[in-house]
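Hello,

Here is the structure I promised to pass on to you. Have a look at it first, and then read on for what turned up in it.

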Amino acid sequence: MSRAPGPVPILMYHSVAHAPNEATHELSVSPDAFALQMEVLAERGFTPLTTAGLAAAWRSGRPLPERPVLVTFDDGYEGVHRYALPVLAEHGFASTLFVSTGWLRGAHDTGGALDFMLDWDQVRELAAAGAEIGGHSHTHPELDQLPGAELRHELRRCRDIVADELGARPLSFAYPYGYSDRRVRARVREAGFAQALAVGNSLARRGQGPYALRRVTVRRATGAEEFERLVEGRAVARVFARDRALTKGYAMVRRARQIRRKAMRTRV
């Protein structure tokens, strides 16, 4: 009788910068910290996979490396190219970059980015170096708060821009802010994405399903010992206990907002 596949740490990064601005500071890491964290993965025998690679293995039942891990980046900050790419290349590590297409510099820029972003030439260089490029919506809204037409536009616009710029449709998606519900997950699937990542701040398990795989947040305050505990899967619940409590409270507020909006649309 074969064993069920074990949990996998999926690391969620955002900005990699020496001096991030106020908007991105908490969810940033310094270049030195990122280099040290990747060294920890190498020394401990972890094998970074792409998001598509993990999902495909779990779908097919193919065995994973002994110590799989995912290194993922959200939004598309320029420091991922400047600072993270050389470190990943040095170790031969795969990664996944989830881009908000309306935030990247270039023809599709909507002007809403929080800090200095990648341009499409840099995204192509990341892809050529082995990074999977996934979708993260077009303008980074809270997808579960959008009406149906706007939700579909955010997903399809993102998908089509990535396809046009890179020559291939993105296979993987990450929910902005980590927010999704059954309707959003169904629309993500309809848009052609084969898997999607949430946050959840726990390890990913096959039983979560391909459209709700959880990640752990790496941020400015993540020290060396805490990072080691996260990738080893030790005390993850304790590390993120406060985050989970806040998430539960905000989920109630968000559900109330959805009910009010539905009621208003019904009256109209």
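A good place to begin is the end of helix α6, which is followed by Gly192, a residue with a positive phi near 105°. Please keep in mind throughout that this is a predicted model.

Now to the helix itself. α6 covers residues 182–190, and its buried residues are Val184, Arg187 and Val188. Viewed down the axis of α6, these buried residues fall within an arc of 105°, so they line one face of the helix. That fits a general rule: an α-helix has 3.6 residues a turn, so residues three or four places apart point the same way. What do the buried residues of α6 pack against? Their partners are α5 (148–166), β8 (172–174) and β9 (195–200). On the other side of α6 you will find Arg182, Arg189 and Glu190, which are exposed. At the start of this helix, the backbone nitrogen of Arg183 has a side-chain oxygen of Asp181 within 3.2 Å.

Next, the nonpolar cores. The largest one has 36 residues, and Leu11, Tyr13, Phe34, Met38, Leu41 and Phe73 are those with the most contacts inside it. Helix α3 (residues 79–91) supplies the largest share of this core, five residues. A second, separate core has 13 residues, including Leu143, Phe173, Tyr175 and Tyr211.

If you would like one residue to click on, try Tyr13: leaving aside residues up to four places away in sequence, the residues it touches include Val29, Gln37, Val71, Asp74, Val218 and Phe227.

Enjoy exploring!

Best wishes

Note on methods: Residues are numbered from 1 along each chain as its sequence is written. This is a predicted model: local features need pLDDT of at least 70, side-chain atom pairs count only at pLDDT 80 or more; totals for chains, interfaces and linings use all residues. Side-chain values use heavy atoms; hydrogens and water are left out. Buried means under 20% relative accessible area, exposed over 50%, partly exposed in between (1.4 Å probe, protein chains only). Helices (H or I, at least four residues) and strands (E, at least two) are DSSP runs, numbered from the N terminus. The arc is that of the directions from the helix axis to the C-beta atoms. Contact means heavy atoms within 4.5 Å. A polar contact is a pair of N or O atoms within 3.5 Å; within protein, one must be able to donate a hydrogen and the other to accept it, and residues adjacent in sequence count only if both atoms are side-chain atoms. A nonpolar core is a set of buried Ala, Val, Leu, Ile, Met, Phe, Trp, Tyr and Cys residues joined through side-chain atoms within 4.5 Å.
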